[in-house]
Amino acid sequence: MMRVILVLLIGWTGARCEVDVDECATGAVSCLPGDCLNLNGSYTCLCAEGYCGNACSLKDPCFAEEGEGLNRTGPCLHGAKCEQRCAATTDYICYCVDGWGGKNCSQQVVAQGASGSGDSSSAVLIGVGAALVGLALGAAALGGLGAQARRKRATRGTYSPSGQEYCNPRAEKMQHALKPPPEERLI
């Protein structure tokens, strides 16, 4: 009994995966209506006008025949340019002209300079609030630095003969220095 195993080769083959598989020539992929273009380790479909997607199986949403000419605006309105973004599903992007927005450029957009005084006053209030918060943080940082300097100043520059007597490393190396006599006990 003989089994037949069908393996679709996509990408690379060979002992070290050094040979590119021509997916278009093997018939492993279909790009109809369109042309298959082999790439290193992959392929792409060059779709005919009016089609899009991974295998050119979707209708291009930006392509529409109008009378004798072709229309590349698709669902985009008000002079916008349409660009298809098909892959597994149909999709598009509209590049709107000034004054229009939304998915299909159907919503009129108000320019920022023409907004009422309410927007500018709220921006001023936000700016003033941010400046006050910044000043408060700066004052807190200066207060913390002052407290730290005060603590350091309190422990430095004081005269302590006992500290010098026991902690001074120079006194230990001095051989000729007089040592204080041992304390005598009076009876």
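Colleague: Which residue forms a disulfide with C24, and how many Å apart are their sulfur atoms?

Modeller: Let's start with the general idea: a disulfide is a covalent bond between the sulfur atoms of two cysteines. Keep in mind that this is a predicted model. Here C24 pairs with C36, and the two sulfur atoms sit 1.8 Å apart.

Colleague: What parts does that pair tie together?

Modeller: C24 is in helix α1, residues 23-26, while C36 is in strand β3, residues 34-39, so the bond joins parts twelve residues apart in sequence. The link of C24 and C36 is left-handed, with -70 degrees about the S-S bond.

Colleague: Are C24 and C36 buried or exposed?

Modeller: Neither label fits, because partly exposed covers the range between under 20% and over 50% relative accessible area. C24 comes out at 23%, and C36 has 29%. Compare C17, which counts as exposed at 51%.

Colleague: How many disulfides are there by this rule?

Modeller: The count comes to seven. Another one of them is C47 with C56, sulfur atoms 2.1 Å apart. The torsion there is about -90 degrees, so this disulfide is left-handed. Its two ends sit in unlike surroundings: C47 is partly exposed at 28%, whereas C56 is buried, with a relative accessible area of 0%.

Colleague: Which pair links distant parts of the chain?

Modeller: Look at C52 and C86, whose sulfur atoms are 2.1 Å apart. C52 lies in strand β5 (residues 51-52) and C86 in the loop between β9 (81-84) and β10 (92-95), 34 residues apart. Both C52 and C86 are buried. The S-S torsion of C52 and C86 is about -55 degrees, so that disulfide is left-handed.

Colleague: Now the core. Which residues make up the largest nonpolar core?

Modeller: General idea again: in soluble globular proteins, nonpolar side chains tend to be buried together. In this model the largest nonpolar core has seven residues, namely C62, C76, A80, C82, Y92, C94 and C105.

Colleague: What does C94 touch, leaving out residues up to four places away in sequence?

Modeller: C94 touches C76, K81, K103, N104 and C105. You'll recognise C76 and C105 from the core list.

Colleague: And where does UniProt list "domain: EGF-like"?

Modeller: The unreviewed UniProt entry lists residues 20-57 and 68-106 under that name. An annotation like this may be inferred rather than shown by experiment. For residues 20-57, the end C-alpha atoms lie 26 Å apart, and the span is 11% helix and 39% strand.

Key
Residues numbered from 1 in each chain as written. Predicted model: local features only at pLDDT ≥ 70, side-chain atom pairs only at ≥ 80, totals over all residues. Heavy atoms only, no water. Core = buried A, V, L, I, M, F, W, Y, C linked by side-chain atoms within 4.5 Å. Buried < 20%, exposed > 50% of the residue type's maximum accessible area, 1.4 Å probe, protein only. Contact = heavy atoms within 4.5 Å. Helix = DSSP H or I, 4+ residues; strand = E, 2+ residues; numbered from the N terminus. Disulfide = S-S within 2.5 Å.
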